[in-house]
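This report describes selected features of one protein chain, moving from a single side chain to the sheet, a helix pair and backbone geometry.

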Amino acid sequence: MIPKIVHTALMGGYRPDALGERCMESWRRVLPDYEIRVWTDENTPRSPFCDAAIASRPVNASHYAQYRALLDNGGVFLDCDVEVVRPFDLKPEVFCGFQRSETIDCCVNNAVVGAMPGHPFIRRVLERIEASDPATWPLISGPGAITDTLVELGMNAPGEEREIAGVMVYDKERFYPWSWEQPAIPVEQLSERTFACHWWAGSWKP
């Protein structure tokens, strides 16, 4: 079982806004048996990539902190703009979800990722991030890193819920029930298959 830990990352001095506070409250309310760990500049295990990203583009340091926390501890990572609507009764050793189905480019998002500690997939994504430019556009270290790693492992089409080399990739309905280009769906109208919803706050944008 994936450990009952929720991780989030607040790097570069970022602090959650009202939406972030509401989302984090949903974690405490819906997942009362989960420990919540917040990773910051002070408590994240540092690396040359992490140090450079904090100085140049902190969201990339958050992506580093995300996978480092999952690799070291296991659990479920949630971005601060992810609202949990029902408990995660998900059994795979590692999971993530499609954010789009029309193209394979950046089709998997990293706002919700769960894993057992030490999982080789998480290590592989982390190594890809550390090999990138710390100041790169965040889509490269975010959705790009996890999508490209899955493509290397055999993913050749987006959208359909499937297991790829031991990684369960859930369909959009699970974590991303609407896209950044669509109006939000009221929480009370979400499908019973939806565990969380990503509000696309875009706090990483200039």
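Tryptophan 39 is buried, since its relative accessible area of 14% falls under the 20% limit for that class. The model in which this residue is seen is a predicted one. Tryptophan 39 belongs to strand E2. Its C-alpha atom is separated by 6.0 Å from that of leucine 10, although the two residues are 29 positions apart along the chain. When neighbours within four places in sequence are set aside, tryptophan 39 is in contact with His7, Thr8, Ala9, Leu10 and Met11, with Thr44 and Pro45, and with Ala65, Ala69 and Asn73. Leucine 10 thus appears both in the C-alpha separation and in the contact list of tryptophan 39.

**The sheet**

Strand E2, which holds tryptophan 39, is part of an open sheet of seven strands, ordered E2-E1-E3-E6-E5-E8-E7 and of mixed pairing. Strand E2 (35-40) and strand E7 (162-164) each have a single partner strand and stand at the edges, so one side of each lacks a neighbour in the sheet. On average, neighbouring strands of this sheet are turned by 25° against each other, with direction ignored.

Within that order, strand E5 is placed between E6 and E8. Strand E5 (residues 94-98) is mostly covered, as five of its five residues are buried. The pairings of E5 and E8 are set out below.

| Strand pair | Sense | Bridges | Bridge partners |
|---|---|---|---|
| E5 and E6 (residues 108-115) | antiparallel | four | glycine 97 and asparagine 109 |
| E5 and E8 (residues 167-170) | parallel | three | cysteine 96 and valine 169 |
| E7 and E8 | antiparallel | three | glutamate 163 and methionine 168 |

Strand E5 accordingly runs antiparallel to E6 and parallel to E8. Strand E8, in turn, is paired in the antiparallel sense with the edge strand E7. In strand E8, methionine 168 is the bridge partner of glutamate 163, and valine 169 that of cysteine 96.

**A helix pair**

Two packed helices are described by the angle and the distance between their axes. How do H3 and H5 lie with respect to each other? The axes of helix H3 (residues 58-73) and helix H5 (residues 138-152) come within 7 Å and cross at roughly 30°. This angle is under the 35 degrees that bound the class, and H3 and H5 are therefore roughly parallel to each other. The crossing in which H3 passes H5 is left-handed. On the side of H3, the contact involves Val59, Asn60, His63 and Tyr67, and on the side of H5 it involves Pro138, Ser141, Gly142 and Ile146. Sorted by class, the contact contains four nonpolar and four polar residues and no charged ones.

Helix H3 (residues 58-73) also bears on the surroundings of tryptophan 39, whose contacts include Ala65, Ala69 and Asn73.

**Backbone geometry**

Most residues other than glycine have a negative phi. Which residue in the loop between E7 and E8 has a positive phi although it is not a glycine? Alanine 165 lies in that loop, and its phi is about 50°. Alanine 165 counts as exposed because its relative accessibility of 53% is over the 50% limit. Tryptophan 200, likewise not a glycine, has a positive phi of about 55°. Tryptophan 200 is located in the segment after strand E9 (196-198).

Technical notes:
Residues are numbered from 1 along each chain as its sequence is written. This is a predicted model: local features need pLDDT of at least 70, side-chain atom pairs count only at pLDDT 80 or more; totals for chains, interfaces and linings use all residues. Side-chain values use heavy atoms; hydrogens and water are left out. Axes are lines fitted to C-alpha atoms, for helices over the stretch in contact, and angles run from 0 to 180 degrees between N-to-C directions. Helices (H or I, at least four residues) and strands (E, at least two) are DSSP runs, numbered from the N terminus. Angles under 35 degrees count as roughly parallel, over 145 as roughly antiparallel, 65 to 115 as roughly perpendicular and the rest as oblique. A crossing is left-handed if the near helix is turned anticlockwise from the far one by less than a right angle, and right-handed if clockwise. Contact means heavy atoms within 4.5 Å. Ala, Val, Leu, Ile, Met, Phe, Trp, Tyr, Cys and Pro count as nonpolar, Asp, Glu, Lys and Arg as charged, and the others, Gly among them, as polar. Buried means under 20% relative accessible area, exposed over 50%, partly exposed in between (1.4 Å probe, protein chains only). Two strands pair if DSSP finds at least two bridges between them.
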